[in-house]
Amino acid sequence: MTQTEPDFWVLEYVTITKDPRTGLVVAIGGTEQAADILQRTGGFLSAPGPRGDYHRLPHGLPNEQQRLKASSASHALLATGHSVHLDPALNMLATPDDDRDAALRYLTQLAERASTAETSSAVVEVLTEVAAPVHGLLPLTREVIVRAWIAAGDLQGAAPGEEPEPIARLGSTANSLSEAARVILHARNHAARPAQPPAIAPASTPGRAQSPVSRRR
């Protein structure tokens with residue numbers, strides 16, 4: 001008996017995300033029914049785009065309002081059978097601990113990858129994750145330190161260069177992180193080079209025989 005696959009009614013995929021350039025929450029894709037749910041449940045507005053209409057939340061909404069409306073629309077779409085991707089940053093059900101746990105897992109995995117590396121390329125990949133100029137762990141950590149340094153100085157009313165010594169040292173710590181990233185990238189580049197075969201010492205050549213010195217009698 002030949003079995004045939006059943007027909008599934010799959011509605012068009014909907015993506016709800018925050019545009020990094022404009023800061024607007026946009027919804028792309030979906031059917032007319034999805035558009036209706038976005039407008040009624042999430043307060044989205046229809047807007048013309050270069051590739052057809054899309055939906056967005058109004059300008060000027062606080063972040064919490066953006067998350068609330070995006071999450072509400074997402075759950076309403078899911079409840080009616082739509083396939084939805086919701087940007088994790090907009091998900092009201094996500095908790096800050098989730099991000100922290102993910103970061104800890106990421107660091108643990110990096111340490112395991114480094115300890116089990118069997119090739120130079122595996123080591124290079126780990127070092128790149130640590131010190132890559134834009135999204136490496138050290139540059140991102142440096143950015144946190146710099147922002148904390150500026151905020152601490154502003155809160156204490158200190159002019160640049162006149163911060164209390166413990167706060168001023170945050171600035172030198174940021175510079176140290178930049179130098180550490182530079183050193184790690186230099187080591188990464190060195191590790192990426194093909195292994196050189198060990199140098200073989202040249203065989204020693206026998207010296208010329210010395211003619212015996214005749215002794216005078």
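Trainee: Which residues of helix 2 are buried?

Mentor: First, this is a predicted model: local features need pLDDT of at least 70, side-chain atom pairs count only at pLDDT 80 or more, and totals for chains, interfaces and linings use all residues. Residues are numbered from 1 along each chain as its sequence is written, and side-chain values use heavy atoms, leaving out hydrogens and water. Now, helix 2 has Gln 66, Arg 67, Ala 70, Ser 71, Ala 73, Ser 74, Ala 76 and Leu 77 buried, meaning under 20% relative accessible area with a 1.4 Å probe and protein chains only (over 50% is exposed, in between is partly exposed). The cover over these helix 2 residues includes strand 1 (14-18), strand 2 (25-29), helix 1 (32-42) and strand 5 (84-86).

Trainee: What makes Pro 194 count as exposed?

Mentor: Pro 194 has 65% relative accessibility, so it counts as exposed. You'll find Pro 194 in the segment after helix 6 (165-191). Its C-alpha is 9.9 Å from that of Ser 121, although the two are 73 residues apart in sequence.

Trainee: And how many of the residues in the chain are buried?

Mentor: Of the 217 residues, 23% are buried. The accessible surface comes to about 16300 Å², with 56% of it belonging to carbon and sulfur atoms; such areas come from the Shrake-Rupley method.

Trainee: How do you know that the length of helix 2 agrees with what it should span?

Mentor: Helix 2 (residues 63-79) has 17 residues, and at 1.5 Å a residue (times one less than the number of residues) these should span 24 Å; its end C-alpha atoms are 24 Å apart, so the two values agree. Just after helix 2, Gly 81 takes a positive phi of about 95°.

Trainee: Which elements does the chain have, and in what order?

Mentor: From the N terminus on, they run β-β-α-β-β-α-β-α-α-α-α, with six helices and five strands in the chain. A helix is a DSSP run of H or I of at least four residues, and a strand is a run of E of at least two.

Trainee: What makes strand 3 and strand 5 edge strands?

Mentor: The open sheet has five strands in the order 3-4-2-1-5, with mixed pairing. Strand 3 (45-47) and strand 5 each pair on one side only, which makes them the edges. From one strand to the next, the twist averages 25°.

Trainee: How do you know that strand 1 and strand 2 pair?

Mentor: Pairing needs at least two DSSP bridges between the strands, and strand 1 and strand 2 have five, in the antiparallel sense. Val 14 has Gly 29 as its bridge partner in strand 2, while Thr 15 stands opposite Ile 28. Their hairpin has six residues between the strands, and Gly 23 takes a positive phi near 80° there.

Trainee: Which way do strand 1 and strand 5 run, parallel or antiparallel?

Mentor: Parallel, with three bridges joining them; in strand 5, Val 14 has Val 84 as its bridge partner. Strand 2 and strand 4 run antiparallel and are joined by two bridges, with Val 26 partnered by Arg 56 in strand 4.

Trainee: Where does helix 1 lie?

Mentor: Helix 1 lies across strand 1, strand 2, strand 3 and strand 4 (54-56), at about 15° to strand 4. Helix 2 packs on the sheet too, touching strand 1, strand 2 and strand 5, and its direction makes about 170° with that of strand 1. Those angles compare N-to-C directions of lines fitted to C-alpha atoms, on a scale from 0 to 180 degrees.

Trainee: What is in the largest nonpolar core?

Mentor: A nonpolar core is a set of buried Ala, Val, Leu, Ile, Met, Phe, Trp, Tyr and Cys residues joined through side-chain atoms within 4.5 Å. The largest has 16 residues, and Ile 16, Val 25, Leu 38, Phe 44 and Leu 77 have the most contacts inside it. Strand 1, strand 2, helix 1, helix 2 and strand 5 give two or more residues each, and helix 2 gives the most, with four.

Trainee: Which residues does Val 25 touch?

Mentor: Leaving aside residues up to four places away in sequence, Val 25 touches residues including Ile 16, Phe 44, His 55, Gln 66, Ala 70 and Leu 90. Contact there means heavy atoms within 4.5 Å. A second, separate core of eight residues includes Val 130, Ala 131, Leu 177 and Leu 185.

Terms used. Accessible areas come from the Shrake-Rupley method with a 1.4 Å probe; for residues, only the protein chains shown count as cover.
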